[in-house]
Amino acid sequence: MFEIKKIVSSFFLPAGIFVSILFIFSFYYFLKSNKKKSLIFFLIGFFLWIFSSNFWINYLICRHENNIKVDIDGDVIVFLSAGNSDIIDIISEENYLSESSLSRLFAVYKLYSFKKLPIILTGGSVLNMKADSMIALKNLIFLGVDENKIFYEDKSKDTYENAVYSKEICDKNGFNKPVIVTESLHIPRSILSFKKAGFSNVGVYPSVYYCNKLSFKDFLPSDFYFHKKYFHEVLGYIFYEIYY
């Protein structure tokens, strides 16, 4: 039953719903003996199905993530932000962090609990939202992290600026090797940014991995979630390499 539900739902949600519509048109024109239009709609639907499926993007993601060398032997932990929400958490009395920001902050907390290293929180106000670093600061204090071991900047708007302002904090406080905490796919662009900002050596600790063992679900139409994440980082890396 689980498999049936997954198969059916995949064809009623984007991009599967569009695949279904295209196949319906293909069948309609087939009944009307218009083989040319039937074939066109079938091929468009088929290629949309294949392109939106996760099996091939999962291969690219796995190849990328298998090359990540986790290194937590640094002297300061750096949290790279990824947005927040307007909604207020009734427990922390602070804005909710985005799913990506929250997973990164949890990884920062784990690493801090294990290594007891100081923390740099990055992330300024973007599109009139509250600065991620300020939200993260309140959350870490709520979790019991020593406030005296937390440094922050609230001006950066992208990964490169995260690195630049982190370098200023590190130079001022004598930190030499930051351990970057972010999602696995974001790591290459983060390392590039920190090296362009002047760091000669950086460590990394992924907050989440996306590679998974293939199953039947990966051959069904998807919502392009993993496609967007992967190509966003590929294009971002190219842009950072050229522009900064």
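Which side chains meet in a salt bridge at 2.8 Å, N to O? In this predicted model, that distance belongs to the side chains of Arg-189 and Glu-233. A salt bridge is taken here as a side-chain nitrogen of Lys or Arg within 4 Å of a carboxyl oxygen of Asp or Glu. Residues are numbered from 1 along each chain as its sequence is written, and side-chain values use heavy atoms, with hydrogens and water left out. Because the model is predicted, local features need pLDDT of at least 70 and side-chain atom pairs count only at pLDDT 80 or more, whereas totals for chains, interfaces and linings use all residues.

The chain contains 9 helices and 7 strands, which are DSSP runs numbered from the N terminus (helices: H or I, at least four residues; strands: E, at least two). Its C-alpha trace spans about 75 × 40 × 35 Å along the principal axes. Of the 244 residues, 45% count as buried; buried denotes under 20% relative accessible area, exposed over 50%, and partly exposed the range in between (1.4 Å probe, protein chains only). Among contacts with a separation of 6 or more, 74% are accounted for by residues 24 or more positions apart, a contact being defined by heavy atoms within 4.5 Å. The exposed area of the chain is about 13800 Å², of which carbon and sulfur atoms supply 63%; accessible areas come from the Shrake-Rupley method with a 1.4 Å probe, and for residues only the protein chains shown count as cover.

With regard to charge, the chain carries 27 positive and 24 negative side chains, and the centres of the two sets lie 10 Å apart. Lys and Arg count as positive and Asp and Glu as negative, while His and the chain ends are not counted; each charge is placed at NZ of Lys, CZ of Arg, CG of Asp or CD of Glu. Side chains of opposite charge can pair when their charged atoms come close. A search of the whole structure finds 8 salt bridges. One of them is formed by Lys-177 and Asp-71, with the closest N and O atoms 2.6 Å apart. Lys-177 lies in the loop between α7 (159-173) and β6 (178-182) and Asp-71 in the loop between α4 (55-65) and β1 (76-79), so this pair ties together parts that are 106 residues apart in sequence. Lys-177 is buried, with a relative accessible area of 15%, whereas Asp-71, at 22%, counts as partly exposed.

Helices α8 and α9 are linked by further pairs. In the case of Arg-189 and Glu-233, whose side chains meet in a salt bridge, Arg-189 belongs to helix α8 (residues 187-196) and Glu-233 to helix α9 (residues 225-243), so the pair ties together parts that are 44 residues apart in sequence. Both Arg-189 and Glu-233 are buried. A salt bridge is also present between the side chains of Lys-196 and Glu-241 (3.8 Å, N to O). This pair links distant parts of the chain, 45 residues apart, with Lys-196 in helix α8 and Glu-241 in helix α9. Lys-196 is partly exposed at 30% relative accessibility, and Glu-241 is partly exposed at 39%. In addition, Arg-104, Glu-183 and Lys-229 are linked in a network of salt bridges.

The structure holds 1 disulfide, defined as a pair of cysteine sulfur atoms within 2.5 Å. Cys-62 is joined to Cys-211 with an S to S distance of 1.9 Å, and the link is right-handed, with 95° about the S-S bond. Cys-62 lies in helix α4 and Cys-211 in the loop between β7 (203-206) and α9, so the disulfide ties together parts that are 149 residues apart in sequence. Cys-62 is buried, with a relative accessible area of 12%, while Cys-211 is partly exposed at 34%. Another cysteine, Cys-170, counts as buried at 1% relative accessibility.

Several backbone features were also identified. A cis peptide bond, with omega about 0°, joins Pro-14 and Ala-15; Ala-15 is found in the loop between α1 (2-10) and α2. Glu-93, although not a glycine, has a positive phi of about 55°. Glu-93 lies in the loop between β2 (84-89) and β3 (94-97) and is exposed, at 59% relative accessibility. Phe-224, likewise a residue other than glycine, has a positive phi near 70°. Phe-224 is located in the loop between β7 and α9 and is partly exposed, with a relative accessible area of 25%.
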